[in-house]
Every structure is written in C-alpha cells, then in structure tokens.
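Visitor: I should like to learn how to read the features of a protein model. May we proceed one feature at a time?

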Amino acid sequence: MTAAELSDLHALEGGAQPGALTFEVPDYRTTLGWPVDGDAFGAYLDLGEQVGGLRMRAGLGAEVQWWLRLRMLAGPVLAIPGKRTEWTFLTQPMTDEQRRRPLPPGVEAVNARVLLPTGHTDRSVAFWATAPDPVHPALPLFSSVVGAVRSVLYGHRF
C-alpha cells in the first residue's frame with residue numbers, strides 16, 4: 001500500500017495520520033485562501049459560494065479519493081466521525097448548470113457552514129481524511145469529483 005492509501009485507511013478508521021499538518025484560522029485564510037471565520041471553538045468555512053462541497057459515506061469516499069489520486073485530481077477531504085463517518089470533498093464552487101443536474105445516489109452537495117480541524121479540534125468531532133496541500137492549494141473541479149463518484153459506482157475505473 002502506498003502512503004496515500006494508508007492515509008485514507010487511517011482516516012476511515014479515525015486513526016492518527018503520521019505527519020499530519022495542523023492548520024489554524026490564519027493558515028486557512030492566508031496559505032489556502034479560504035474565507036474562514038474562527039472563534040474559541042474552531043475554524044468555520046461556509047461551503048457554497050467560494051468553496052464547494054460534496055458529502056458521502058467514508059467507504060465510498062475512500063474509493064473516490066483513490067480514483068482521483070491516480071489521476072492527480074485529489075484534493076482535501078474533511079471527515080466527520082459518527083455512527084456512520086462521512087467525508088466531505090472540498091471542491092471549486094458548483095456552476096448553475098451543475099446545480100440543475102442530479103447527483104449520484106448517496107452523494108449530496110453541501111451548502112452549509114462546516115467545522116474545519118485546528119490544533120485544538122478533537123478528532124471525534126472532525127479531522128482531515130486528506131489534508132489540504134499548502135504548496136498546491138488549488139481545489140478540484142466539482143465535476144471531477146462527481147465524475148469520479150460515477151466511475152466508482154458504475155464500474156468505469158479506467
């Protein structure tokens with residue numbers, strides 16, 4: 001298994017990622033260019049206008065991230081643990097055309113405020129399944145992630 005695949009596996013299990021980066025509100029704003037607000041409880045990002053989001057179950061998310069990584073299209077993925085861990089892929093915003101198209105089953109667009117992990121965020125609340133890359137902070141196209149989901153779900157992997 002590659003280091004990236006191990007990282008996804010650790011994220012699925014909620015385990016610590018070796019060498020994982022820690023971001024604080026100023027890092028999200030200046031290094032990544034995201035419109036993040038913060039308070040004593042954490043960092044918050046409104047998904048929809050400037051940053052898009054696609055949520056799915058963690059198992060599907062790990063397969064989708066693998067598919068994207070093979071094509072050098074992978075981006076940051078936020079994990080929200082719970083009874084059923086969910087992953088939210090951060091993307092470029094949806095276009096009006098994309099808003100009108102149906103999404104694959106089990107996938108939903110996220111237009112809400114999400115908690116981003118900081119050095120003080122408990123992993124039982126939120127953590128990065130795949131942390132943002134401060135060297136290459138560009139987000140994948142919304143359509144790239146949706147296409148990857150369809151490829152994984154319908155068997156068109158290559």
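Guide: Let us begin with a definition: helices and strands are DSSP runs, numbered from the N terminus. In this predicted model, Ser144 accordingly belongs to helix α5.

Visitor: How many helices and strands does the chain have, and what pattern does the chain follow along the sequence?

Guide: The secondary structure comprises five helices and eight strands. Read along the sequence, their pattern is α-α-β-β-β-α-β-β-α-β-β-β-α.

Visitor: How should one read burial, and is Ser144 buried or exposed?

Guide: Buried means under 20% relative accessible area, and exposed means over 50%. Ser144 has a relative accessibility of 18% and therefore counts as buried. Leaving aside neighbours within four places in sequence, Ser144 is in contact with Leu68 and Leu73. For the chain as a whole, 42% of the 158 residues count as buried.

Visitor: How is the arrangement of two helices read, and at what angle do α3 and α5 cross?

Guide: Angles of 65 to 115 degrees count as roughly perpendicular. The axes of α3 (residues 58-70) and α5 (residues 142-154) cross at roughly 110° and come within 9 Å. The two helices are therefore roughly perpendicular to each other. The crossing of α3 past α5 is right-handed.

Visitor: Which residues of α3 and α5 meet?

Guide: From α3 come Leu60, Glu63, Val64, Trp67 and Leu68; from α5 come Ser144, Val145, Ala148, Val149, Ser151, Val152 and Leu153. By class, this contact has nine nonpolar, two polar and one charged residues.

Visitor: What is the general idea behind a nonpolar core, and which residues of the largest one touch the most other members?

Guide: In soluble globular proteins, nonpolar side chains tend to be buried together. Here the largest nonpolar core has 22 residues, of which Leu54, Met56, Leu60, Val64, Leu68, Trp87 and Phe89 touch the most other members. At least two residues of this core are supplied by each of β3 (52-57), α3, β4 (77-80), β5 (86-91), β8 (127-130) and α5. Another core, of 20 residues, lies apart from it and includes Phe23, Leu32, Leu78 and Leu139.

Visitor: Which residues does Met56 touch beyond its sequence neighbours?

Guide: Not counting residues up to four places away in sequence, Met56 touches Gly61, Val64, Glu86, Trp87, Phe89, Gly106, Val107 and Val149.

Visitor: How does one read contacts between residues far apart in sequence, and what separates the C-alpha atoms of Arg55 and Val107?

Guide: One compares the separation along the chain with the separation in space. Arg55 is in strand β3. Arg55 and Val107 are 52 residues apart along the chain, with their C-alpha atoms separated by 5.7 Å. Beyond four places in sequence, Arg55 touches Glu86, Trp87, Thr88, Gly106, Val107, Glu108 and Val110. Among contacts between residues at least 6 apart in sequence, 79% join residues at least 24 apart.

Visitor: Where is Val114, and is Val114 buried or exposed?

Guide: Val114 is in strand β7 (residues 113-116). With a relative accessible area of 8%, Val114 is buried. Its contacts, not counting residues up to four places away in sequence, are Ala43, Tyr44, Leu45, Leu47 and Leu78.

Visitor: Finally, how should phi be read, and what is phi of Met72?

Guide: Most residues other than glycine have a negative phi. Phi of Met72 is near 55°, a positive value in a residue other than glycine. Met72 lies in the loop between α3 and β4. Its relative accessibility is 78%, so Met72 counts as exposed.

Key
Residues numbered from 1 in each chain as written. Predicted model: local features only at pLDDT ≥ 70, side-chain atom pairs only at ≥ 80, totals over all residues. Heavy atoms only, no water. Axes fitted to C-alpha atoms, helices over the stretch in contact; angles between N-to-C directions. Helix = DSSP H or I, 4+ residues; strand = E, 2+ residues; numbered from the N terminus. Parallel < 35°, antiparallel > 145°, perpendicular 65-115°, else oblique. Left-handed = near helix turned anticlockwise from the far one by under 90°. Contact = heavy atoms within 4.5 Å. Nonpolar A, V, L, I, M, F, W, Y, C, P; charged D, E, K, R; others polar. Core = buried A, V, L, I, M, F, W, Y, C linked by side-chain atoms within 4.5 Å. Buried < 20%, exposed > 50% of the residue type's maximum accessible area, 1.4 Å probe, protein only.
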